[in-house]
Amino acid sequence: MSHERPSQPYPTYPWQPPAPPPEPAPRRARHRDPIGHHSDLRILRGAYRWQRRTATLTALGYFTLFLVLSAYAPSFMSGSVGGGLPTGLLLALLQLPVTWLAVALYEHTARHYVDPLADRIRKQSEVDARRGAAAR
């Protein structure tokens, strides 16, 4: 003897009204995740981190190299480079252009990589905010 459940429930009493059909699950609108969970935010943080590290290592790396040479290679630093200019003075004078190079590198990466990402995320967050306000 098989005890299978019926596919539809039957009323217990003949005068009982039929059970209402089950309500369909509400359809959810398909949309992007909120901005806090977006992968572009991780990409932006990585681009900004790369930008900071590159500019910082350019300026500080050159200055550290200058300090190390001054401390551990005084004969090299006191040597002359064409026309009697000491190597140490030439390297010290080059510190300013290297710093400008670091600033220019920072500006270049900001304009070409970081700022477009930030603008795209800003626009998407505005769309998400409007969508969230409309849903309320």
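These entries record what I looked up in a predicted model of one protein.

**Entry 1: confidence**

I began with the confidence of the prediction. The mean pLDDT of the protein is 82, and 81% of its residues reach 70 or more. I then turned to the elements of the protein. Helix H3, residues 87-93, has the highest mean pLDDT among them, at 93. The lowest, 87, belongs to helix H4, residues 95-135. I kept that value for helix H4 in mind for the entries on salt bridges.

**Entry 2: Gln 51**

I looked up where Gln 51 sits and found it in helix H1, which spans residues 39-72. Is Gln 51 buried or exposed? Its relative accessible area is 3%; since buried means under 20%, I noted Gln 51 as buried. I next listed its contacts, leaving aside neighbours within four places in sequence. The residues in contact with Gln 51 are Tyr 106, Thr 109, Ala 110 and Val 114.

**Entry 3: count of salt bridges**

How many salt bridges are there? The count comes to three. I recorded the general background that side chains of opposite charge can pair when their charged atoms come close. I then took each pair in turn.

**Entry 4: Arg 111 and Glu 107**

The side chains of Arg 111 and Glu 107 meet in a salt bridge, with 3.6 Å from N to O. Both residues belong to helix H4 and are four residues apart, so about one helical turn separates them. I checked accessibility as well. Arg 111 counts as exposed, at 57%, whereas Glu 107 is partly exposed, with a relative accessible area of 36%.

**Entry 5: Arg 122 and Asp 119**

For the salt bridge between Arg 122 and Asp 119, I found the closest N and O atoms to be 2.7 Å apart. Arg 122 and Asp 119 are three residues apart in helix H4, which means a separation of about one helical turn. Arg 122 is partly exposed, with a relative accessible area of 45%. Asp 119 is likewise partly exposed, and its value is 35%.

**Entry 6: Arg 131 and Asp 128**

The side chains of Arg 131 and Asp 128 also meet in a salt bridge, at 3.3 Å from N to O. I located both residues in helix H4, three residues apart, about one turn of the helix. Which accessibility class does Asp 128 fall into? Its relative accessible area is 16%, so I entered Asp 128 as buried, the cut-off being under 20%. Its partner Arg 131 is partly exposed, with a relative accessible area of 36%.

Note on methods: Residues are numbered from 1 along each chain as its sequence is written. This is a predicted model: local features need pLDDT of at least 70, side-chain atom pairs count only at pLDDT 80 or more; totals for chains, interfaces and linings use all residues. Side-chain values use heavy atoms; hydrogens and water are left out. Helices (H or I, at least four residues) and strands (E, at least two) are DSSP runs, numbered from the N terminus. Buried means under 20% relative accessible area, exposed over 50%, partly exposed in between (1.4 Å probe, protein chains only). Contact means heavy atoms within 4.5 Å. pLDDT is the predictor's confidence in each residue, from 0 to 100. A salt bridge is a side-chain nitrogen of Lys or Arg within 4 Å of a carboxyl oxygen of Asp or Glu.
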